[in-house]
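Please find below a colleague's note on a protein model, written as numbered points for someone who is new to reading structures. It may help to keep the display open and to find each residue as it is named.

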Amino acid sequence: MPTKTSALGNRVMAKAAVRVMPLLMLLYFVNYLDRVNIGFAGPNGMNKELGLTATAFGLASGIFFIGYLILEVPSNLALHRFGARRWIARIMITWGAVAVAMAFVPNTTTLVVLRFVLGVAEAGFFPGIILYLTYWFPAAQRAKAVALFMCAVPVSSAIGSTVSSLLISGGHGVFGLSGWRFMFLVEGVPAILLAVVTWFCLSDRPETAKWLSAEERDWLTSELDAERRATEAEHHWPLRKALTHPRILGLAFVYFAVVYGLYALGFFLPTIIAGFGEEFGTKLTVLQAGLVNAIPYVAGALVMVPWARHGDRTGERTWHVALPMLVGGAAIPVALYLGNPYATMTAVTICAMGVCAALPTFWALPSNFLSGAAAAGGIALINALGNLSGFVAPYVTGWLRDLTGTQRTGLWVVGACMVAGAVLAVALGAKPRASRR
């Protein structure tokens, strides 16, 4: 029979999950879709209309992450200081405005500039949410909470591919716009609307949550405070150390490797599928291609939460990151050597499942030893450096395609990067030795 304390804790965690997670998942769904929808626009009219080569498309796709890098750490420190509700709403309004402006780009230069500005506008959103979850969920439930939040990645890729395809095919000529321009316009508006919802509905911390009773607020606050004090006592990491320590740089490379696979698929999978017609004689409509693009991400979504829950239950972190990276990294290079589209999509799906399983469990690693302002800065730095792969992956993949005339070399690089990241994750281990004051 559960004790009063455990029953109270279960009730509070259930309330927090129901009240906090759906909104965060919706925000990330829109965020990720606005970030990668250029991948659907490219092969469906944008590249031809603007005269983009594969290299230029990769540059436009990836330069987002240079702007993202510049303001990532300052933005997350601002969220820690001013509160998630205000800061996330501010981020969403600015990114929504830039996403809408993407519908009216006249040339390659403007496209590249707007993608850079979009990265500046979005800076701090993702690490801000990861930090925000540490305010609400103790370590024993955190990987599962992050997995629920990050389910928005495969879901937005799966549903978003179909929605984007429908907007492109059905929106051609609406307002005098090309289909891909109409898609950018429609998919940019929800961010602005959800900024208003965030302002009124998001609670900064448990202490300010009116939907928790006083007893529930006290329990959650005391649990999180006790955990924070224990972390600080074992691992004394001030902000400066969190921004300069080699371990943080190592974790940033591990995350770089995971996200390299994610963005290589996100930006170039629609192009790979579009090439099935030439390589295998498979003819797909825009909608059918969108549905095929969704398959790897549906499978990825199905493994995310169970894998993270298993990590929470066992307390093991390192191999819950490294193992799916190894599997995904081994699968992706062989995808384009297979003799039919079904086998190719199977290999791509295995890679997507590996990426999706590793992503949420990774964030349990830095939260093992970072807290407070150090967590805000360290998590932001890891995310910023790791997301440089969002620039490198599409640019290098596009450049190698132009250089070699095939996607194969680029996908070998994806696989090698993921395997190297897995090896480093094992070498680093779950957390550093306890610090001596």
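The points below go from the two domains to single residues and then to salt bridges.

1. Please keep in mind throughout that this is a predicted model. The protein is divided into two parts, with domain 1 covering residues 14–226 and domain 2 covering residues 237–431. The C-alpha centres of domain 1 and domain 2 are 18 Å apart.

2. How many residues of domain 1 are in contact with domain 2? There are 51 of them, and they are in contact with 52 residues of domain 2. The area buried between domain 1 and domain 2 comes to about 4,200 Å², and carbon and sulfur atoms give 76% of that area.

3. It is worth looking at the polar side of this interface as well. Between domain 1 and domain 2 the count is 3 residue pairs in polar contact, whereas the rule for salt bridges finds 0 across the interface. The side of domain 1 that touches domain 2 draws two or more residues from each of several helices, among them α1 (4–36), α5 (64–82) and α10 (152–170). The element that gives the most to this side is α9, with 10 residues. Sorted by character, the residues on this side of domain 1 divide into 32 nonpolar, 14 polar and 5 charged.

4. Threonine 55, in helix α4, is a good residue on which to practise reading contacts. Its side chain and the side chain of aspartate 402 are joined by a polar contact of 2.4 Å. Leaving out residues up to four places away in sequence, threonine 55 touches Tyr395, Gly398, Trp399 and Asp402. Is threonine 55 buried or exposed? Its relative accessible area is 18%, so threonine 55 is buried, since the cut-off for buried is under 20%.

5. Glycine 67 is found in helix α5, and at 0% relative accessibility this glycine counts as buried. Apart from neighbours within four places in sequence, glycine 67 is in contact with Phe116, Gly119 and Val120. A further pair to locate is glycine 67 and leucine 388, which are 321 residues apart along the chain, while their C-alpha atoms are separated by 10.0 Å.

6. Glutamate 122, whose place is in helix α7 (residues 108–122), is a charged residue that is nevertheless buried, with a relative accessible area of 0%. Which residues does glutamate 122 touch, not counting those up to four places away in sequence? They are Asn31, Arg35, Phe64, Tyr68, Ile91 and Trp95.

7. Valine 174 makes a useful contrast, being found in the loop between α10 and α11 (179–201). With a relative accessible area of 29%, valine 174 is partly exposed. Valine 174 and valine 153 are 21 residues apart along the chain, and the C-alpha atoms of these two valines are separated by 29 Å.

8. By the rule used here, the count of salt bridges comes to 8. In one of them, the side chains of arginine 11 and glutamate 215 meet at 3.7 Å, N to O. Arginine 11 lies in helix α1 and glutamate 215 in helix α12 (residues 214–234), so this pair ties together parts that are 204 residues apart in sequence. Arginine 11 counts as partly exposed, at 38% relative accessibility, and glutamate 215 counts as partly exposed at 38% too.

9. Arginine 11 also forms a salt bridge with glutamate 216, where the closest N and O atoms are 2.8 Å apart. Here too the pair links distant parts of the chain, with arginine 11 in helix α1 and glutamate 216 in helix α12, 205 residues apart. Glutamate 216 is buried, with a relative accessible area of 2%. The two salt bridges of arginine 11 belong to a wider picture, in which Arg11, Lys15, Glu215 and Glu216 are linked in a network of salt bridges.

10. A last pair to examine is arginine 317 and aspartate 312, which form a salt bridge with their closest N and O atoms 3.0 Å apart. Are these two residues buried or exposed? Both arginine 317 and aspartate 312 are buried.

Notes: Residues are numbered from 1 along each chain as its sequence is written. This is a predicted model: local features need pLDDT of at least 70, side-chain atom pairs count only at pLDDT 80 or more; totals for chains, interfaces and linings use all residues. Side-chain values use heavy atoms; hydrogens and water are left out. Domain bounds come from an automatic or database domain assignment. Contact means heavy atoms within 4.5 Å. Buried area is the accessible area (1.4 Å probe) that two parts lose on being put together, summed over both. A salt bridge is a side-chain nitrogen of Lys or Arg within 4 Å of a carboxyl oxygen of Asp or Glu. A polar contact is a pair of N or O atoms within 3.5 Å; within protein, one must be able to donate a hydrogen and the other to accept it, and residues adjacent in sequence count only if both atoms are side-chain atoms. Helices (H or I, at least four residues) and strands (E, at least two) are DSSP runs, numbered from the N terminus. Buried means under 20% relative accessible area, exposed over 50%, partly exposed in between (1.4 Å probe, protein chains only).
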